[in-house]
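Work through the exercises below with the structure in view. Each task is followed by a solution in steps.

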Amino acid sequence: MNVSEHHSYLIFSLNGSRYGVTTQAVQEIFFLPALTPIDEAPRDIVGVVNLRGEVLPVMDLNLRFFQRSLDYQITDSIIVIEWQTVKIGLIVNQVHEVQDIPLEAIAPQIAYGRQNGSPSHHYITGVAKNLGELVMLLNPEQLIEYSGSPETPPFELNGTEIPGSGSSVQKDRRFCPHATPEDMALFQERAENLMKLSEGEDFTGLMPIAVIGLNDEYFGLDLNVVREFTDIRDITPIPCCPSRIIGNMNLRGEIVTLIDIRESLNLPITRAIGGTKVMVVHIDELVAGIAIQEVCDVMYLHPSKIAPVPAAIHSANDEYLRGTAPYREKMMSLLDLPKILIQGELEVNEEP
C-alpha cells in the first residue's frame, strides 16, 4: 500500500501572508518582549533578549526578505528555531496551528519566467497548496546561515527610505520607537519575565498561561488548549440557539462556532465585546472560538502564586474559576475553560 509521506510544519502569519517552518527546527514560542539592539549586528537582527540566561538574537523577517520593517505590536510573537546548534528568534504577526503536509501537496519550485536571474536566496523551499490558501515553507538553514546579498535595500529599520546607496543616514535601531508607554511597559515586563526565569527559579510545575481581556478584566487560561488567535471574520447566525452562541465562522475551510463566555463568568453582557479577536481552542474533540476583547500576554505561572477566589467575589459561577493570580497591577481570574465549554450549557442546539 502506498502511504503518503508527510512533514509537520508550524504555520504563522506575517503581513497577511502565511508561512510554515518545519517543527523539527522549532524550539518554543512566546509573545514579543522588549529587545536590546546591537549596533554591529546584521541589519535583519533587530536585537537580542535574555532567554533564561541565554542571549537570543532576534530576526525581523521583513528585513530578511528585503522589505520594510513595520511597527511591532503587542500581539506579535517570537518563534525560536534552532539549526545545527544555532538558535535564533523570528518575529511573526501570529502563530497558528501545526499542520501535517503531504509531499505531493508541496510545489518545490516556481517558474518565474526568468532565464538569467538568480532564482532566490533559497529562503523558500516550496509552497503548500492544500491548506485552503497558499503557504510558503521556509528553509531554516538558509534563514540562519545565508549572509550574502546582491545589494543593500534602500530601507531603514523603521521603513524610512535612505536617500541613495551608501547613505550616511543613521539607522534608528531603537526597539519599537513608536510604541505607547503602556505597550512599552508590557514589552519590558515580558523581557523581565523571560530573564527572571534564569535567576534560580524552579521550572518544575510552571504553567504556560494565555492572558486575555474581557470587559476590561484579565483572565488567564491554560495555553495548551489554545490553538490560535485570529481576527473575527464574517459570522453566520445559527437559528434556535441561546444568545451566548454568536454564530459560525469559516476559518480556512473549517466551520468554527463562536461563543460569548461572559454569561458563564457572571460578566455583564449589555454591551458588545470590544475588539475583533477570537481565541480558537481545542479541548478533546471540541474546537470552538471564544470572542475576546484583547490578547494581553503569554506567561509562565508558578502554582504557588495561585490564590483561591476571594470570598468577596464568590458567585454561582465559581466552579468555572481555578483561582486568581497577580497580573500587572491587578488580579486575573484563572479560567477552567474545559468546564465552561462542556458543562456551561454552551452546546449548540439546532432543535427548535
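## Exercise 1: The nonpolar cores

The largest nonpolar core has 32 residues, and Leu35 and Met332 touch the most other members. The model is a predicted one.

**Task.** State which helix or strand gives the most to this core, and list the contacts of Met332 beyond its neighbours within four places in sequence.

**Solution.**
- Step 1. Begin with the elements that each supply at least two residues: these are β4, β5, β6 (77-83), α3, β12 (207-214), β20, β21 and β22 (330-335).
- Step 2. The greatest contribution comes from α3, with 4 residues.
- Step 3. With neighbours within four places in sequence set aside, Met332 is in contact with Ile209, Val211, Tyr218, Phe219, Gly220, Met299, Leu301, Gly323, Thr324, Ala325, Pro326 and Tyr327.
- Step 4. Another core, of 29 residues, lies apart from the largest one; Ala210, Phe219, Ile238 and Ile283 are among its members.

## Exercise 2: Helix α3

**Task.** Check the span of helix α3 (residues 181-196) at 1.5 Å a residue, then find where its buried residues lie around the axis.

**Solution.**
- Step 1. The 16 residues of α3 should span 22 Å, and the end C-alpha atoms are 22 Å apart, so the two values agree.
- Step 2. Leu186, Phe187, Arg190, Ala191 and Leu194 are the buried residues of α3.
- Step 3. Seen down the axis of α3, these buried residues fall within an arc of 135 degrees and therefore line one face of the helix.
- Step 4. The general rule behind this is that an α-helix has 3.6 residues a turn, so residues three or four places apart point the same way.
- Step 5. Pro181 and Glu182, on the other side of α3, are exposed.
- Step 6. The cover over the buried residues of α3 includes β3 (26-31), β4, β20 (294-301) and β21 (321-327).

## Exercise 3: Two enclosed strands and their partners

**Task.** For strands β4 and β20, decide from the number of buried residues how far each is enclosed, and describe a pairing of each.

**Solution.**
- Step 1. In strand β4 (residues 45-51), 6 of the 7 residues are buried, so β4 is largely enclosed by the rest of the structure.
- Step 2. β4 pairs with strand β5 (residues 54-60) in the antiparallel sense, over 6 bridges. In this pairing Val48 stands opposite Pro57 in β5.
- Step 3. The two strands β4 and β5 form a hairpin with 2 residues between them, and Arg52 in the turn has a positive phi of about 55 degrees.
- Step 4. In β20, 6 of the 8 residues are buried, so this strand too is largely enclosed by the rest of the structure.
- Step 5. β20 runs antiparallel to β12, and 7 bridges join the two. Val211 stands opposite Asp297 in β20.

## Exercise 4: An open sheet

**Task.** Give the strand order of the open sheet of 6 strands and identify its edge strands.

**Solution.**
- Step 1. Read across the sheet, the order is β14-β18-β19-β17-β16-β15, and the pairing is mixed.
- Step 2. The edge strands are β14 (226-231) and β15 (235-236), each of which pairs on one side only.
- Step 3. The pairing of β14 with strand β18 (residues 277-283) is antiparallel and has 5 bridges. Within this pairing, Glu228 stands opposite Val280 in β18.

## Exercise 5: Two residues to classify

**Task.** Are Asn62 and Leu103 buried, partly exposed or exposed?

**Solution.**
- Step 1. The cut-offs needed are under 20% relative accessible area for buried and over 50% for exposed, with partly exposed in between.
- Step 2. Asn62, in helix α1 (residues 61-64), has 5% relative accessibility and so counts as buried.
- Step 3. Beyond its neighbours within four places in sequence, Asn62 is in contact with Leu14, Asn15, Gln67, Arg68, Ser69 and Leu70.
- Step 4. Leu103, in the loop between β8 (94-102) and β9 (106-107), has 37% relative accessibility and so counts as partly exposed.
- Step 5. With neighbours within four places in sequence left aside, Leu103 is in contact with Glu5 and His7.

Key. Residues are numbered from 1 along each chain as its sequence is written. This is a predicted model: local features need pLDDT of at least 70, side-chain atom pairs count only at pLDDT 80 or more; totals for chains, interfaces and linings use all residues. Side-chain values use heavy atoms; hydrogens and water are left out. Two strands pair if DSSP finds at least two bridges between them. Buried means under 20% relative accessible area, exposed over 50%, partly exposed in between (1.4 Å probe, protein chains only). Contact means heavy atoms within 4.5 Å. The expected span of a helix is 1.5 Å times one less than its number of residues. The arc is that of the directions from the helix axis to the C-beta atoms. A nonpolar core is a set of buried Ala, Val, Leu, Ile, Met, Phe, Trp, Tyr and Cys residues joined through side-chain atoms within 4.5 Å.
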